[in-house]
Amino acid sequence: MKAASATTEIKNLRDLVAFIQSELKPKGKIYTPFNVITLPIILLGFVLIVYRLVKGLGSVTNLSQEFPWGIWIGFDVMVGVAFAGGAYILTFVVYILRTEKYHPVVRATVLNGFLAYVFYAGAILLDLGRWWNIVNPIIGNKFGVNSVLFLVSWHFLLYMISLFIEFSPTIAEWLGFKRVRKILGSLTVGAVIFGIALSTLHQSGLGALFLMAKDKIHPLWYTQFIPVLFFTSSIFAGLSMVIFEGSISHKVFSHQIDDRHHESFRQIVIGLGKACAGALFVYFFMKVLIFIHDQHWALLATPMGYWYLVEVFGLVLLPCFLFLWGVRYENIGVIRVAAILSMLGIIINRLNISVIAYKWYVPWSQRYFPSWMEIVITMAIILTEVWVFRWIVNRMPVIQESPEWAREDHRVEEGVMTGKEVPQWKASAM
Amino acid sequence: MRRRPMGINRRNFLKVLGGGIVGGGIAGTALGNIFIPKRFKAEASVPPVEFVGILVDTTRCVGCRSCEEACAQANHLPVPDISDTSVFEKRRQTSVTQLTVVNRYQTSKGEVFVKTQCMHCNQPGCVAACLVKAMEKRKNGPVTWERNCMGCRYCMPSCPFEMPKFEYESSNPRIQKCSLCWERLKAGEVPACVEACPEKALTFGPRRKLIEEANSRIYNSPREYITHIYGEHEVGGTGYLYISKVPFDQIGFRTDLGTIPYPEYSKGFLYSVPLVLLLWPAFLIGVNTLTKPDEDKIRKGGARR
């Protein structure tokens, strides 16, 4: 139950290199079913990535002049970033509102968010036709300051840095760097505040990308409020992901957690479920308002209209009720089902706007369907992220407890007080 | 032992506050550069340059495709065989090798030929979309593409006419579209298609004069034309202007695009950005301060209970 770092102290560079070398070795069994299935996909994916970079986008993707954006944007980036939204919400709850209850899941969520940005936003690189120019908006080989994408690209970069700063105390604890840990820890709240502002803007900014596709997106999905809808939906998307990922992590990394934390995780899931239900209802309400305001009643009786109803009722309202049900009867199973449904709703919603309801008038024969290679590359990216996540969780105090020396500062610098602490502190002041 | 953490705590709070202010300052400066519109940036002394454009009189076009040939030659693209009339059997789109194409439409008043290409909007969606200004609206009107492009293809969904075309098959791909022969304009020549047109269906000139010319043609032969110049107001006005004897929806134009320039659609969002970046952190710092446990007060005021 202790982090590995607590065993030895690193005094110089040689120790550090030796420590990292020892940590790089795989821990646990190598030939697990998960590894055996995923490794070939990852390897194939990376071969295809090289092929794509050498041969151009057309060699791997089914993109066309009609459909310039496929699943690498519509799924990897749009959905990946929405699912990473848990990081900014939980850091808000824990570091700004200081709701200590959710502290145990904040590190895993921040790590998950950071990796999601690195991998899924990193997937943009593959989608860029002229990927070697990706630094241009950063170095100022012309600042396209009127562009929503300019804002999104800068925010991705800055937010990745914020998330890294938020996560960095964990790395310091892993390496046993007490002084560095203290300095990095003091940056957390600043990074959190900056990160929340960035998230608000780029979560909605991803939606704002489609504002100029007014004539191409089905009127049931196109609205000037797309940015607001994207932001609101990122709340329950992120929290559902925390429930989903947390539930899996708690099974897989069960040996790292003691019983007390198993029970607290139950309460966390119920609390998150409550928040999800609220966010889903707000989102549903906005959807209804926008629908009524736009007066698209006639469009409901078309195939796209039915599809819209499936999304709004089946994948927004239904999970909202399931969350409420699960919270009311403290049924974790139902909450998990609701989380999966609402995540599915996010996937469908983002794909609708970017691919399915995008140019819905184009006949089936000319529509975009992802090629098998696009799907394999997407899977390879997701699985690589899972591997990296697992590697880190097995080594750093993400789910397991921080080493003893770090725990004290931890509470103090974040100004967080648990029930036990209060009388002690007050007593000491007297 | 117990006192030390509290001191650190207050110092850290100040650090965080300082970090927030410095961070906010950096963001503010960057955003200042970003969100001050160009018109405020001291170019007022330069006399305004008029947009140029091309007027297409579809009643004069005979479908000879000389413009396609001249366009391909001017842009170093494969030159099409213009004697081949079978191409008219299907409606064609421009492509990475054909920056302009002529289509034939059967209308209520017989056959009509229409040339299509980039419309060179007054306020182009593609230019507003581009995050590296690879798409640029030149001072005198042409919308051009340059090689600092990232290939993100955001210009493509943002164009109401879907004119930017991307070279998917290349490992060093370009966005291809009509540039109103920007290179030729700089050399004082007229666009290649205008020069090549044997029927004078294409007229090159300042946009303002083209609208006058179009109006006078419509006024002088009201039976020949419908009273609508496509591109005068569509999406805020375009450099290419069309006049026709049949309603424009019969000859392949989208008539549902409205008159609002496309960049306007994302303007509201962009205007909210500096507000959020200023107010949100201030609010969050406030909440963070308010929820702070009161050990500071305890220390200052001694025992409270």
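Two residues count as being in contact here if their C-beta atoms, placed from the backbone, lie within 7 Å. Keep that in mind as you click around, and remember that this is a predicted model.

**Stop one: two helices in chain A**

Select residues 71-83 of chain A, which make up helix 3, and then add residues 103-121, which make up helix 5. Their axes are 9 Å apart, and the helices pack at an angle of about 175 degrees. An angle over 145 degrees counts as roughly antiparallel, and therefore helix 3 and helix 5 of chain A are roughly antiparallel to each other.

Now show the side chains where they meet. From helix 3 of chain A, pick Asp76(A), Val77(A), Gly80(A), Val81(A) and Phe83(A); facing them from helix 5 of chain A are Ala116(A), Tyr120(A) and Ala121(A). Colour this contact by class and you get six nonpolar residues, one polar and one charged.

**Stop two: the loop before helix 3**

Step back to Asn62(A), in the loop between helix 2 and helix 3 of chain A. What does Asn62(A) touch, leaving out residues up to four places away in sequence? Select Gly70(A), Tyr368(A), Phe369(A), Pro370(A), Ser371(A) and Glu374(A), and you have its contacts. Asn62(A) has 18 C-beta neighbours inside 10 Å, so it counts as partly exposed. For a sense of scale, draw a line from the C-alpha atom of Asn62(A) to that of Ser240(A): it spans 31 Å, and the two residues are 178 apart along the chain.

**Stop three: where the chains meet**

Show both chains together. On the chain A side, 59 residues are in contact with 61 residues of chain B. Among the elements of chain A giving two or more residues to its side are helix 2 (33-55), helix 8 (148-175) and helix 9 (178-208). Highlight helix 9 of chain A in particular, since the largest share of that side, 11 residues, comes from there. Counted by class, the chain A side has 34 nonpolar, 16 polar and nine charged residues.

**Stop four: a sheet in chain B**

Hide chain A for a moment. In chain B, look for an open sheet of three strands in the order 8-1-9, with mixed pairing. Strand 8 (202-206) and strand 9 (240-243) of chain B are the edges, each pairing on one side only. From one strand to the next, the twist averages 25 degrees.

Zoom in on strand 1 (residues 52-57) of chain B, which pairs with strand 9 of chain B in the parallel sense over four bridges. Click Val56(B): its bridge partner in strand 9 of chain B is Tyr242(B). Then switch on residues 207-220 of chain B, which form helix 7. Helix 7 of chain B lies across strands 1, 8 and 9 of chain B, running at about 135 degrees to strand 8.

**Stop five: two unusual backbones**

Most residues other than glycine have a negative phi. Lys142(A) has a positive one, about 80 degrees, although it is not a glycine. You'll find Lys142(A) in the loop between helix 7 and helix 8 of chain A.

Next, select Arg153(B), another non-glycine with a positive phi, about 65 degrees. Arg153(B) sits in the loop between strand 5 (143-145) and helix 4 (155-158) of chain B. Which of these two loop residues is buried, and which is partly exposed? Lys142(A) is partly exposed, with 18 other C-beta atoms within 10 Å, whereas Arg153(B), with 26, counts as buried.

**Last stop: confidence**

Finally, colour chain A by pLDDT. The average is 89, and 93% of the residues score at least 70. Residues 1-6 of chain A fall below 50, and residues 416-430 of chain A are below 50 as well.

How values were computed
Residues are numbered from 1 along each chain as its sequence is written. Chains are lettered from A and ligands numbered from 1 in the order in which they are written. Two strands pair if DSSP finds at least two bridges between them. Axes are lines fitted to C-alpha atoms, for helices over the stretch in contact, and angles run from 0 to 180 degrees between N-to-C directions. Ala, Val, Leu, Ile, Met, Phe, Trp, Tyr, Cys and Pro count as nonpolar, Asp, Glu, Lys and Arg as charged, and the others, Gly among them, as polar. Angles under 35 degrees count as roughly parallel, over 145 as roughly antiparallel, 65 to 115 as roughly perpendicular and the rest as oblique. pLDDT is the predictor's confidence in each residue, from 0 to 100. A residue is buried if 20 or more other C-beta atoms lie within 10 Å of its own, exposed if 12 or fewer, and partly exposed in between; C-beta atoms are placed from the backbone.
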